[in-house]
Amino acid sequence: MNTKINSRIPVALTIAGSDSGGGAGIQADLRTFAFHCVHGTSAITCVTAQNTLGVKRVDAIPTEAVVAQIQAVVEDIGVQAAKTGMLLNQEIIFAVAQQVEALQIDNLVVDPVMVSRTGAQLIDDDAVKTLCHALIPKAVVITPNRYEAQILSGLQINSLEDMQAAAEIIHKTLRTKAVLVKGGGMQGDLRGVDIWFDGDKLEVLTGQQVETKNTHGTGCTLSAAIAANLAKGKDLWQAVQQAKEYVTTALTYALDIGEGQGPVGHFFPLLRN
């Protein structure tokens, strides 16, 4: 593992897209790292023109540039944990997987950004296959939402039992250390209920349901918080539990900005004041 000793502050790396509206992607990840007193580094995979109403344009960063960013960070600064978000295409996914292995990046959290919380597929089928076979097996945990879990497991997910079965199938077939199936896209009492499976422990994670339309960036924030906690030396189960608590509180202080779906309040201690 590439973990240069830094006695002052742990370091985490986010490999994801830029959100011009500041609610998700690299911007959300770096704010989440900062909240956890972790130094945030980044490798940008794509640039989006978006706001609270939606995405207007997406431009991929050249694969060579993505690789150069990762190498520049890891070879000099070193990272204690990393997370991936929107990787956009097959070429970038494969290149990132190669760098994770070559640079011995451990504590990798994969947010398999394939489908939005509303069910819209974001990457093509070839990219999904590469994500499953090249990158996901290198993760210590993956954090699919309802629709991503459906693709990864081949199941239709409509109940708690469906979520549990999907988590077990994903763990077995994709050979990742642990799976956290997120319930943010579920309905009724299951909204916000997550399922954890690590091959031994099948757990239902519940939390306070927060009534807000401003949920943009919750998935990015959760995976970034897990990575931040891992960078600080927390074990995986503890990192996930604390990340969920952080997201729940950030939702309580969500920002009502723009005309659409605002972001969570990553810096909620400041908002309290």
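Is R57 buried or exposed? Select R57 to start: this residue is exposed, with a relative accessible area of 53%. Keep in mind that the model on screen is a predicted one.

**Stop 1: salt bridges**

Stay on R57 and add D59. The two form a salt bridge, and their closest N and O atoms are 2.6 Å apart. D59 is partly exposed, at 32% relative accessible area. Side chains of opposite charge can pair when their charged atoms come close. A search of the whole structure finds 7 salt bridges. Two others follow here.

Select E211 and R191. They form a salt bridge as well, with 2.8 Å between the closest N and O atoms. E211 sits in the loop between β9 (202-205) and α7 (218-231), and R191 in the loop between β7 and β8 (194-197), so the pair ties together parts that are 20 residues apart in sequence. Now look at the cover on each partner. E211 is exposed, with a relative accessible area of 66%. R191 is partly exposed, at 27%.

Next, select D194 and K244. In this salt bridge the closest N and O atoms are 3.0 Å apart. D194 belongs to strand β8 and K244 to helix α8 (residues 236-252), so this pair ties together parts that are 50 residues apart in sequence. Turn on a surface and look for the two residues: both D194 and K244 are buried.

**Stop 2: a charged patch**

Which residues gather in a patch of negative charge on the surface? Select E91, D124, D125 and D126; these are the members of the patch. Zoom in on E91, found in helix α3 (residues 90-102). E91 is partly exposed, with a relative accessible area of 48%.

**Stop 3: a nonpolar patch**

Move to F267, L270 and L271. On the surface they form a nonpolar patch, with about 270 Å² of accessible area together. Pick out L271 and show the ribbon: L271 lies in helix α9 (residues 268-272). Its relative accessible area is 35%, so L271 counts as partly exposed.

**Stop 4: two buried residues**

Select Q80. It lies in the loop between α2 (63-76) and β4 (81-84). Despite the loop setting, Q80 is buried, with a relative accessible area of 14%. What does the side chain of Q80 reach? Add V11 and show backbone atoms: the Q80 side chain reaches the backbone nitrogen of V11 at 2.7 Å.

Now select L152, found in helix α5 (residues 146-153). L152 is buried, at 9% relative accessible area. Add T173 and draw a line from C-alpha to C-alpha. L152 and T173 are 8.8 Å apart in space and 21 residues apart in sequence.

**Stop 5: positive phi**

Finish with the backbone. Select C37, in the loop between α1 (25-35) and β2 (39-51). Phi of C37 is near 60°, a positive value in a residue other than glycine. C37 is exposed, with a relative accessible area of 55%.

Where is R175? Follow the chain to the loop between α6 (160-174) and β7 (179-181). R175 has a phi near 60°, again a positive value in a residue other than glycine. With 59% relative accessibility, R175 counts as exposed.

Technical notes. Residues numbered from 1 in each chain as written. Predicted model: local features only at pLDDT ≥ 70, side-chain atom pairs only at ≥ 80, totals over all residues. Heavy atoms only, no water. Patch = residues over 30% accessible without salt bridge, like charges linked within 9 Å, V, L, I, M, F, W, Y side chains within 5 Å. Areas by Shrake-Rupley, 256 points an atom, 1.4 Å probe, with all protein chains shown as cover. Salt bridge = Lys/Arg side-chain N within 4 Å of Asp/Glu carboxyl O. Lys, Arg positive; Asp, Glu negative; His and termini not counted. Charge placed at Lys NZ, Arg CZ, Asp CG, Glu CD. Helix = DSSP H or I, 4+ residues; strand = E, 2+ residues; numbered from the N terminus. Buried < 20%, exposed > 50% of the residue type's maximum accessible area, 1.4 Å probe, protein only. Polar contact = N/O pair within 3.5 Å; in protein donor to acceptor, adjacent residues only side chain to side chain.
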